[in-house]
Amino acid sequence: MTSTAEPEVGRARLRKEDARLITGRTRWTDNMVLPGMLHMALLRSPMAHARITKIDTTAAREMPGVIAVVTGQDLAEEQGSLPCAWPITEDMKAPDAPAMAVEQVNFAGEAVAAVIARSKAEADDALESIDIDYDELPVVLDMAAAIADGADLVHENLGTNRCATWVYDSAEAGSGGAIDDAIAGAEVVVERTYRQQRLIPAFMEPRSMLVDPTGDQITMWSATQIPHILRWMTAAVTGVPESKIRVIAPDVGGGFGGKLQVTPEEIITFLMAKRLGKPVKYTESRSESLASAHHGRDQIQKLTLAADRDGTLRGLKVELLADMGAYLRLVSPGVPILGAFMFNAIYKMDAYKFVCTNVFTNKTPTDAYRGAGRPEATFGIERMMDELAAELSMDPMELRRKNWITHDEFPFTTVAGLTYDSGDYESATDKAMETFGYDALRAEQQERRDRNDAIQLGIGISTYTEMCGLAPSRVLGALRYAAGGWEHAAIRMLPTGKVELVTGTSPHGQGHETAWSQIVADQLGVPFEDVEVLHGDTQSSVRGMDSYGSRSLAVGGTAIVLAAQRVLAKARKVAAHMMECAEDDVDFTPGTFSVKGTDRGVALADVVVHAHVAHDLPDGVEATLDSDATFDPENFSFPHGTHLCAAEVDTETGRVRLRSYVCVDDVGKAVNPMIVEGQVHGGIAQGVAQALFEEAVHDESGTLTTGTLADYLVPSAADLPSFDTSRTETPATTNPLGVKGVGEAGTIASTPAVVNAIVDALRHRGVNDVEMPCTPMRVWSAIQAGGAR
Amino acid sequence: MRITMTVDGTKYTDDVEPRMLLVHYLRERLGKTGTVVGCDTSNCGACTVHLDGHSVKSCSVLAVQADGCEVTTIEGLARDGRLHPVQQAFHDNHALQCGFCTPGMIMQAVDLLADNPDPDEQAVRQGLEGNLCRCTGYQNIVRAVRDAAQKMSPGAGPEAEQVADETAEATKLSRAEVQS
Ligand code: FES
Ligand code: FES
């Protein structure tokens, strides 16, 4: 072990993960085959709301290769109810959520029967022989209609489609004034209603699970983001002791929140394997995935922004309807609540009120999707800032500058009650504006307007922040979330000089094996190559809260630092003993201990061996240097940045072309700038996709009409431009690495930047909104309508 | 039905159901799980392999249609422990995150470069249109493909064709080795 001259943290290290991924030596769950393994196929309801009046499985049982056919009735005793870990209010209505429908189906795509057969093809074939009759019920699809008097009900026994109403009022919370006073006293009030369309996470690897009941434990491999939570919840749902369950997330092909779930499929597969005593595998088709894996977004936002004529913000009122779909999944009700603290964004104002009503409909359940609540909030406020600027005939960036928290005002407690530890909105914005060429583009815009060019130019701004690094456990508790927000790490110092880092985070594309190795290498002074990162198996990674909410680095990375410090604290004792000096006289430079002021030293590698063989340890010191640590953050982290988009809109066809996209993000210290950049690229792409392409559409019977990748428009390379990304680095003050998190930033920032650009291109034509996704048809119609004014 | 095909240089003979898709034959019968399935409508390109030197979506080809053909999958692209220049470029340019789209993306990119040894950004984007990636936003994939193009044929366009030929050559070679 030698000390590395250049610190690892901050280096654009190529990824360790790639070697297996570029050669096809990957362990996707669906690749795995076990002796005696059976295959499961699921029959799914084509109806969005219906009573099951008959299911006859006799013929299916007779089909070749079929081992078992089960219905919801057969599982009713064991399947329990799928967990919702976030009951946001005391009186929240939560329907029973069976993994397989028993008497009634509540969304199209819900599982109603399972066939287990010797091959997948045989299981699929037998599905067709299941005879099932439904009695149709009225379908509830529109949120506003769903909560009107006399509405048809999704769940008759709940007596209402209102799930819960959650309120944040700055006057009540003591973080600001009363919103009604602010609005009444303001010189300008802008009111708008925006629709956050329903989206589908559309991770590229379909969900897959394999459950092996052979032996004393039940092992479940699953394409999940959350092996630890899945283990806990599977035990809670099925009654099988958690200690008898091992969950492994092998290579996982994307998640974006879509695999932050305890799914019906996992529970059904688990129960069937347990029942049959044989390994059972289930892999969904893409069509099944689009219809039944949870969706995201789907809000109606009524926003009221109050200000003075000079642009000073007075207050913001947010009234939301959030579509839960038919059931509450793991964190469904809490997703819009994560937005509650973000609508006020980077701006100072006197008063703020947020009211959200969660509504049941006969659609696929919604839950976390990249950003989860925060993209919705950022979209709302950033669109409103542009609307207010237009109202005041002010430059939209000028309006933002006038209201944002300045760099010398941190730490700053916002009107929503959060304390932002750090930030520098001025620097990020100045850098972005310069790269973008803001003034030149404004001049060109004016010129095109003057000559009434068919191609109009628009400039879209998004100066966003987000709260991530989820999350301080005490805050989660106050928000009635059922779990904690800490993270765990363990370091094993192997006698051969290699280091194993066991993390509780569970990567699925983020490159933790690389970035975590960089952190360990710096902390201990060991070579990057000597660090092996273990994750995603509850038997080796015994504690963890998994990966979501841009938490892995800010929380999990800090746990690594703490574990490393414990390794060194112990090593220092052993080194002092070896060098026969007092502990206080020991110096540590990465990789080596020495006696202060002398040239006597001992390599960490030798201390490791010394501690491992334990022939001669000081009194009270246990063998090995292995240590672990848990970190619970004091606060969230608050990445921020400025995204600028120039869009050309063809006023004759409604076609939008993104001409340039510039962003400067501040995610704090970048452990691996290359990975950070990749996250920003992918994040922006998903946000642009919301602005321009994607929407989960249901017809009036509640059938998903965008049920394949031919209809649900995940953009291809040909649909997207290149993005000009760069960074400023304002370290977070709330963790030793100074990191903030980057997974969701691009998605949160980009959607309003794009829509603002489109509206800006058309504002002189009387357009003040285009509903997402801004398809040529919608843009063209908005032009024809001359806007909503 | 009995079929014979050469996959990644090894000759296989098997009885398959007429309805079996090539991708399922590769994955389930041959254990070539480097090639993956991402959709059921031929939209994602995750399953892309080379059939007689040209890229195809192996979920839209029946195994029996590949009878007598040579198939190269992501697992057969590296030779003698050396990565194909496109694989290397994907690594060097951080062109993958979760990596699920990567095998198909690389196979498509190799085919693209055989057709057009020096594609500009737009040509790469068009050429990869049938392959979806949810993680990267494509920017680094485009960069990787252009980087590979540079490395494969410094300054000389037509040379890129060689790669396809070399790959075919190597396939034949290793098949000969297997047969001997
Ligand atoms: S699996 Fe999607 S195109 Fe073949
Ligand atoms: S790297 Fe994940 S889908 Fe492309």
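Buried means a relative accessible area under 20%, exposed means over 50%, and partly exposed lies in between (1.4 Å probe, protein chains only). The model is predicted: local features need pLDDT of at least 70, side-chain atom pairs count only at pLDDT 80 or more, and totals for chains, interfaces and linings use all residues. Residues are numbered from 1 along each chain as its sequence is written.

**Exercise 1.** Determine where Phe256(A) is found and whether Phe256(A) is buried or exposed.

Solution. Step one concerns the backbone: phi of Phe256(A) is near 60°, a positive value in a residue other than glycine. Step two gives the place, a loop of chain A between strand S11 (245-248) and helix H9 (264-276). Helices (H or I, at least four residues) and strands (E, at least two) are DSSP runs, numbered from the N terminus. Step three: the relative accessible area of Phe256(A) is 12%, so the residue is buried.

**Exercise 2.** Carry out the analysis for Asp298(A), beginning with phi.

Solution. Asp298(A) has a positive phi near 75° and is a residue other than glycine. Asp298(A) belongs to strand S13 of chain A, residues 296-307. Because its relative accessibility is 11%, Asp298(A) counts as buried.

**Exercise 3.** Locate the cis peptide bonds that involve Pro411(A) and Ala471(A).

Solution. First, Phe410(A) is joined to Pro411(A) by a cis peptide bond with omega of about -10°. Pro411(A) sits in the chain A loop between helix H13 (396-403) and strand S16 (412-413). Next, a cis peptide bond links Leu470(A) to Ala471(A), with omega about -10°. The loop that holds Ala471(A) runs between strand S18 (455-465) and helix H16 (473-478) of chain A.

Technical notes
Chains lettered and ligands numbered in written order. Heavy atoms only, no water.
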